[in-house]
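Please open the structure in your viewer, with selection by residue number ready. The stops below are meant to be taken in order, each one giving a selection and then a description of what is found there.

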Amino acid sequence: MKQPAIQLPEEGLDRVLLHACCAPCSSAIVEWMLQHGVRPTIFYYNPNIFPREEYDIRKNESKRHAESLGITWIDGDYDHDAWRCGVAGLEHEPERGARCQQCFTLRLLATARKAQELGLRYFTTTLASSRWKSLEQITAAGLAAEQAVAGTRFWAQNWRKGGLTDRRAQLLRQYGFYNQQYCGCEFSIR
């Protein structure tokens with residue numbers, strides 16, 4: 001028997017902290033969760049995004065989307081200088097290289113800590129919806145965060161499956177989302 005493309009990590013799961021990189025990437029995931037009885041809390045934590053104006057555009061789109069659905073949305077604050085310190089020495093790494101791995105780890109560690117603070121056992125990320133990102137790196141970062149933060153579990157999920165990529169494109173048009181043309185950091189612009 002074929003396994004479904006998207007699976008709940010635990011029977012009866014009804015709440016999860018969803019790290020969201022942007023509204024377009026989170027839209028189909030949030031819709032799927034709500035249709036399957038899971039109420040996400042969106043955690044917008046993306047100190048990698050550069051410049052600040054780009055960050056603010058993406059942040060406002062994410063917040064607008066969550067508010068339109070009545071979903072709790074949390075701003076993880078913007079500290080690009082701290083992020084730069086966290087990836088120092090990796091500036092010349094290629095996309096999908098060590099810099100991206102470190103970036104995912106920093107962001108998912110903050111997500112696991114927020115999940116613990118909120119009393120949410122599970123956390124996951126919209127980063128796993130992008131065809132431009134390495135699922136292996138994202139999973140490794142999420143599992144490292146799970147190990148570092150007691151009482152949390154990373155929901156490792158390939159959010160590209162189950163028709164969600166096509167649905168993302170439909171929702172992008174439906175909501176009129178701003179759709180960025182690069183990952184976010186100044187190194188991905190090139």
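The tour goes from the core to the helix packing and then to some details of the backbone.

Before selecting anything, keep in mind that this is a predicted model, and that residues are numbered from 1 along each chain as its sequence is written.

**The core**

Start by selecting Met33, Ile42, Trp155 and Trp159, which touch the most other members of the largest nonpolar core, a set of 48 residues. Then add helix H4, residues 98-118, since the element that gives the most to this core is H4, with 7 residues. Which residues does Met33 touch, once those up to four places away in sequence are left out? Centre the view on Met33 and display Val16, Leu18, Val38, Pro40 and Thr124 together with Trp155 and Trp159, for these are the residues that Met33 touches under that condition. Apart from this core lies another one, of 5 residues, and a selection of Trp83, Val87, Cys185 and Phe187 will show you some of its members.

**Helix H1 against helix H6**

Next select helix H1, residues 23-35, and helix H6, residues 164-175, whose axes come within 8 Å and cross at roughly 115°. An angle from 65 to 115 degrees counts as roughly perpendicular, and H1 and H6 are therefore described as roughly perpendicular to each other. The crossing of H1 and H6 is right-handed. To see the contact itself, show the side chains of Pro24, Cys25, Ser27, Ala28, Ile29, Glu31 and Trp32 on the H1 side, which meet Leu164, Arg167, Arg168, Leu171 and Leu172 on the H6 side. If you colour this contact by residue class, you should find 8 nonpolar residues, 1 polar and 3 charged.

**Helix H1 against helix H2**

Keep H1 in view and replace H6 with helix H2, residues 52-69; H1 and H2 pack at an angle of about 25°, with their axes 9 Å apart. Angles under 35 degrees count as roughly parallel, and H1 and H2 are therefore roughly parallel to each other. The crossing of H1 and H2, too, is right-handed. Here the residues to display are Ala23, Ser26, Ser27 and Val30 in H1, which meet Glu61, Ser62, His65 and Leu69 in H2. This contact of H1 with H2 divides into 3 nonpolar, 4 polar and 1 charged residues.

**Backbone details**

Most residues other than glycine have a negative phi, and most peptide bonds are trans. With that in mind, select Phe50 and Pro51, which are joined by a cis peptide bond with omega of about 0°; Pro51 is found in the loop between strand S2 (39-44) and H2.

Move on to Asp77, in the loop between strand S3 (73-75) and helix H3 (80-86), where phi is near 70°, a positive value in a residue other than glycine. Is Asp77 buried or exposed? With a relative accessible area of 52%, Asp77 is exposed. Then go to Arg96, which lies in the loop between H3 and H4 and also has a positive phi near 70°; at 42% relative accessibility, Arg96 counts as partly exposed.

**Last stop**

Finish by selecting Thr165, which is found in helix H6 and is partly exposed, with a relative accessible area of 40%. A distance drawn from the C-alpha of Thr165 to that of Pro51 should read 27 Å, for a pair 114 residues apart in sequence.

Key: This is a predicted model: local features need pLDDT of at least 70, side-chain atom pairs count only at pLDDT 80 or more; totals for chains, interfaces and linings use all residues. Side-chain values use heavy atoms; hydrogens and water are left out. A nonpolar core is a set of buried Ala, Val, Leu, Ile, Met, Phe, Trp, Tyr and Cys residues joined through side-chain atoms within 4.5 Å. Buried means under 20% relative accessible area, exposed over 50%, partly exposed in between (1.4 Å probe, protein chains only). Helices (H or I, at least four residues) and strands (E, at least two) are DSSP runs, numbered from the N terminus. Contact means heavy atoms within 4.5 Å. Axes are lines fitted to C-alpha atoms, for helices over the stretch in contact, and angles run from 0 to 180 degrees between N-to-C directions. Angles under 35 degrees count as roughly parallel, over 145 as roughly antiparallel, 65 to 115 as roughly perpendicular and the rest as oblique. A crossing is left-handed if the near helix is turned anticlockwise from the far one by less than a right angle, and right-handed if clockwise. Ala, Val, Leu, Ile, Met, Phe, Trp, Tyr, Cys and Pro count as nonpolar, Asp, Glu, Lys and Arg as charged, and the others, Gly among them, as polar.
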